[in-house]
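Open the model in your viewer and keep the sequence panel beside it. This tour moves from one selection to the next and says what is there.

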Amino acid sequence: MCCSQAILSYNKKVKAIAECYDCLARLLHQAADNATSDRNLRSKAIDAGMFVLDANFSTDGLTIDVATKLHRVVREVTGNPDPYLLMKEREIELSRKLVAQVGYRTSNDFKSYLSLSLAGNAIDFFRDLEQVKKDIEAPITFAVDDSAAFERMLREARTLMFLADNAGEVFFDLPLVQWLSQFVSVTYVVKESPVQNDATIDDLRRAGLDGQLGRVITTGLDAPGVLFEAASQEFKREFAAADLVLAKGMGHWEGLTELPPTGKVLHCSMAKCKPVADSIGVPLNSFVAIMR
């Protein structure tokens with residue numbers, strides 16, 4: 001299949017399915033548990049969140065849109081601006097140690113650095129820690145791999161936008177960003193304010209990576225992934241102007257598949273949930289690098 005055919009074949013939008021409701025309900029309970037130890041306050045946050053979930057969930061909608069609303073309710077009710085702070089700090093420290101263990105196996109080429117960066121995508125607050133460690137240490141096999149086509153496009157590109165995912169992945173991203181910066185001007189994009197365990201500018205500072213990832217901007221949002229219409233004008237302008245985009249994580253796949261394919265975005269993720277895996281046509285927990 002040629003690159004243009006591959007791009008067209010991934011023109012399917014990622015909508016919620018019925019079982020996403022239960023996943024979002026678990027997310028709500030997890031966020032409330034992380035936000036406060038006050039049982040009454042936690043119960044209020046869950047009750048308010050379930051009202052929002054019931055009012056907004058639809059199989060015609062995006063789960064990241066509903067998740068954004070749930071997190072806002074939990075933060076508002078509990079008064080905790082960053083319920084996942086401790087989890088992010090643990091993930092950052094885990095990432096720092098794990099990348100030192102597996103990074104030595106990396107060759108000085110795009111595919112190797114991309115694989116290392118993608119290994120960090122196995123870090124997820126819904127997954128067992130020991131399984132995460134095993135996944136990171138195991139060699140990565142791509143179920144879909146358009147990385148060679150993307151690397152060829154790098155030769156003609158001048159600018160690249162790197163859409164970061166979770167805070168625990170930043171140490172896995174760093175070698176790739178540094179390698180890419182030899183060829184293109186890289187803009188590393190994080191979230192404007194805390195949501196789940198997604199990376200923010202404050203998280204980069206806490207990790208000691210402030211200034212090491214080059215130019216950093218935000219999406220202007222507190223949403224996992226990108227809700228493009230609600231994103232900041234700066235983000236929209238720079239996304240349109242970037243020659244290439246490297247987008248990590250399922251949230252970016254879910255959000256950006258709402259847009260027509262441009263052929264300049266490489267989506268890199270572990271397909272950890274059924275709607276995402278089905279939209280790509282791969283088994284659950286497959287690693288993918290998809291041009292779209």
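Start with the cysteines. Select Cys20 and Cys273. The sulfur of Cys20 has its closest cysteine sulfur in Cys273, 6.3 Å away, which is too far for a bond. Keep in mind that this is a predicted model. Cys20 is buried, with a relative accessible area of 10%.

Now add Cys23. Cys23 takes part in no disulfide, and its nearest cysteine sulfur, that of Cys20, lies 6.7 Å away. Is Cys23 buried or partly exposed? Cys23 is partly exposed, at 31% relative accessibility. How many disulfides does the structure hold? The count is 0. A disulfide needs two cysteine sulfur atoms within 2.5 Å.

**Helices α2, α3 and α4**

Stay in this region and select Asp22. Asp22 sits in helix α2. With a relative accessible area of 46%, Asp22 is partly exposed. Next, pick Asp278 as well. The two are 256 residues apart in sequence, yet their C-alpha atoms are 18 Å apart in space.

Select all of α2, residues 20-35, and then α3, residues 39-56. Their axes come within 9 Å and cross at roughly 155°. That makes α2 roughly antiparallel to α3. The crossing of these two helices, α2 and α3, is right-handed. To see the contact, show side chains. On the α2 side, look for Tyr21, Leu24, Ala25, Leu28, His29, Ala32 and Asp33. They meet Arg42, Ala45, Ile46, Gly49, Met50, Leu53 and Asp54 in α3.

Keep α3 and add α4, residues 63-78. At what angle do the axes of α3 and α4 cross? They cross at roughly 155° and come within 9 Å. So α3 is roughly antiparallel to α4. Here too, α3 passes α4 in a right-handed crossing. From α3, the contact is made by Leu41, Lys44, Ala45, Ala48, Gly49, Val52, Leu53 and Asn56. From α4, the residues are Val66, Lys69, Leu70, Val73, Val74, Val77 and Thr78.

**The sheet**

Switch to a cartoon view and colour the strands. An open sheet of 7 strands comes into view, with mixed pairing. Read across it in this order: β1-β7-β6-β5-β2-β3-β4. Which strands stand at the edges? They are β1 (142-145) and β4 (215-218). Each has a single partner strand, so one side of each is left without a neighbour in the sheet. On average, neighbouring strands are turned by 15° against each other, direction ignored.

Zoom in on β5, residues 244-248, and β6, residues 265-270. These two strands run parallel and are joined by 4 bridges. Click Ala247, which stands opposite His267 in β6.

Now select helix α8, residues 147-154. This helix packs on the sheet and touches β1, β2 (159-163), β5, β6 and β7 (287-291). The direction of α8 makes about 145° with that of β5.

Move to β2. Of its 5 residues, 4 are buried, so β2 is largely enclosed by the rest of the structure. Add β3. It runs parallel to β2, and 5 bridges join the two. One pair to click is Thr159 and its bridge partner in β3, Ser185.

**Ile217 and helix α11**

Go to Ile217, found in strand β4. Ile217 is buried, at 5% relative accessibility. Val189 is 28 residues away from Ile217 in sequence, but 5.1 Å away in space, C-alpha to C-alpha. Not counting residues up to four places away in sequence, Ile217 touches Met161, Thr187, Tyr188, Val189, Val190, Glu234 and Glu238.

Follow that last contact, Glu238, into helix α11, residues 233-241. The buried residues of α11 are Phe235, Lys236, Glu238 and Phe239. Against what do they pack? They pack against β2, β3 (185-190), β4, β5, α12 (250-256) and β6.

**Last stop: Ser117**

Select Ser117, in helix α6, residues 110-119. Is Ser117 buried or exposed? Ser117 counts as buried, at 1% relative accessibility. Show what surrounds it. Leaving aside neighbours within four places in sequence, Ser117 is in contact with Phe162, Glu169, Phe172, Asp173, Leu176 and Lys248.

Definitions and conventions. Residues are numbered from 1 along each chain as its sequence is written. This is a predicted model: local features need pLDDT of at least 70, side-chain atom pairs count only at pLDDT 80 or more; totals for chains, interfaces and linings use all residues. Side-chain values use heavy atoms; hydrogens and water are left out. Two strands pair if DSSP finds at least two bridges between them. Axes are lines fitted to C-alpha atoms, for helices over the stretch in contact, and angles run from 0 to 180 degrees between N-to-C directions. Contact means heavy atoms within 4.5 Å. Buried means under 20% relative accessible area, exposed over 50%, partly exposed in between (1.4 Å probe, protein chains only). Angles under 35 degrees count as roughly parallel, over 145 as roughly antiparallel, 65 to 115 as roughly perpendicular and the rest as oblique. A crossing is left-handed if the near helix is turned anticlockwise from the far one by less than a right angle, and right-handed if clockwise.
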